[in-house]
Amino acid sequence: MQLTPKITQIVSHLEKIQSFNVQDSLDDTRKYLEVMTLQLSGKKESMTMIEELNIPKENHRIPIRIYRPNGKEIQKSSAIIYIHGGWFIAGGYETHDAVARKLANKTGSVIIFIDYRLAPEYPFPAGLHDCIDAAKWVMVHAESLGIDQNQIGIMGDSAGGALATAVSTQIGEHLKFQVLIYPATDNHLNSKSWETYENGPVLNKPGGIEAWKAYLPEDKANDPLAVPVLIKDFKATPSTLIILAEHDPLLDDGKQLAENMENAGISVKISFYQDMVHGFMHMGEVLDETQIAVDEMATFAQQHFETVIQK
């Protein structure tokens, strides 16, 4: 494993991060991700407006944050539903704030960020249900949100990539595209890339095992909506872009998902980021590739939005 000087610098920095006033290992994981993203994401771009809403459900509420990009009309905007990563057990508004801002401004689309329930407090399928319910709510209320209901896509990173994949199998006919950023797609962690990178950088196998254990009850271990590599019927899954990183234990799992999609007749584009590590979308303070990936995703999104407009 030959890491570039910039990646080596980042890995060295990650090893020095300490979470403060932690209560337990779960609290440590959540706070570590917050500190990492705060320190490495770089300057946050300005927005026209950021709103926070709570979608009412029977026994709880689903928080969402709405990012409205600079220089765009509020009415009839295209929109992208974003589902965050964090091994199903961590992450939220602040860990992905810089990424959401970049994507909003570069795509010119409203970003709808779903703050779904996390494991282990809420194991599968609670978080998935939140994502599906929130996406449906956005579509129903598109007009009042200033969104064109015929111009909606979905993105997700890591664990959020797994959730986005599952969401798309359920409501994909309403989505114009899908972007999966180094998605977590298999709970077995036995691929060649997991063997190569079981000790990192960024992710490690013991942490991955614990995360899947916290997220996925034993009686649901073979549920395709939890484990995307098991999906056989991709139904109305839209055209998909999958972003993969070279030095990432999830690399082979992402490749397998792409192959399964292609075999099912889904239009899939794989974009391989040489020298990159898992989580590089949060490392814009140091890496040029963060913005390159944002630009690529924006181009992909705009192409699919434009396709609809031209029909």
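**View 1. Strand β7 meets strand β6 in this predicted model.** In β7, T240 is the bridge partner of Q178. Four bridges join β6 to β7, residues 240–247, and the two strands run parallel. On the β5 side, Q178 of β6 is the bridge partner of I154. Strand β5 spans residues 147–157 and also runs parallel to β6, again with four bridges.

**View 2. Side chains of strand β6 point two ways.** In a regular strand the side chains alternate between the two faces of the sheet. Strand β6 covers residues 178–181. Q178 and L180 point one way, V179 and I181 the other. Are these residues buried or exposed? All are buried.

**View 3. Helix α6 belongs to a β-α-β unit.** The unit consists of β5, helix α6 (residues 159–171) and β6, and is right-handed. Helix α6 lies across β3, β5 and β6. The helix runs at about 140 degrees to β5.

**View 4. Eight strands form an open sheet.** Their order is β1-β2-β4-β3-β5-β6-β7-β8, with mixed pairing. The edge strands are β1 (49–56) and β8 (268–277), each of which pairs on one side only. Neighbouring strands of the sheet are turned by 20 degrees against each other on average, direction ignored.

**View 5. Strands β1 and β2 run antiparallel.** Eight bridges join β1 to β2, residues 61–68. One bridge pairs E51 with I66 in β2. Helix α3, residues 97–107, packs on the sheet and touches β1, β2, β3 (77–83), β4 (110–114) and β5. The direction of α3 makes about 50 degrees with that of β2.

**View 6. F177 and F305 form an aromatic pair.** A pair of aromatic rings is described by the distance of the centres and the angle of the planes. The structure holds 11 aromatic pairs. The pair of F177 and F305 is edge-to-face, with 5.2 Å centre to centre and 70 degrees between the planes. F177 lies in the loop between α6 and β6, and F305 in helix α10 (residues 289–310), so the pair ties together parts that are 128 residues apart in sequence. F177 counts as buried because its relative accessibility is 0%. F305, at 5%, counts as buried too.

**View 7. Other rings form a cluster or sit under charges.** F88, F124, W212 and Y215 are linked into a cluster by ring pairs. The charged end of R65 sits over the ring of Y93, 4.3 Å from its centre. R117 lies over the face of Y122, at 5.4 Å from the ring centre.

Definitions and conventions:
Residues are numbered from 1 along each chain as its sequence is written. This is a predicted model: local features need pLDDT of at least 70, side-chain atom pairs count only at pLDDT 80 or more; totals for chains, interfaces and linings use all residues. Side-chain values use heavy atoms; hydrogens and water are left out. Buried means under 20% relative accessible area, exposed over 50%, partly exposed in between (1.4 Å probe, protein chains only). Two strands pair if DSSP finds at least two bridges between them. A crossover is right-handed if, with the strands pointing away from the viewer, the path from the first strand over the helix to the second runs clockwise. Axes are lines fitted to C-alpha atoms, for helices over the stretch in contact, and angles run from 0 to 180 degrees between N-to-C directions. Contact means heavy atoms within 4.5 Å. Rings of Phe, Tyr and Trp (its six-membered ring) pair if their centres lie within 6.5 Å; planes under 30 degrees apart count as stacked, over 60 as edge-to-face and the rest as tilted. A charge sits over a ring if NZ of Lys or CZ of Arg is within 6 Å of the ring centre and within 35 degrees of the ring normal.
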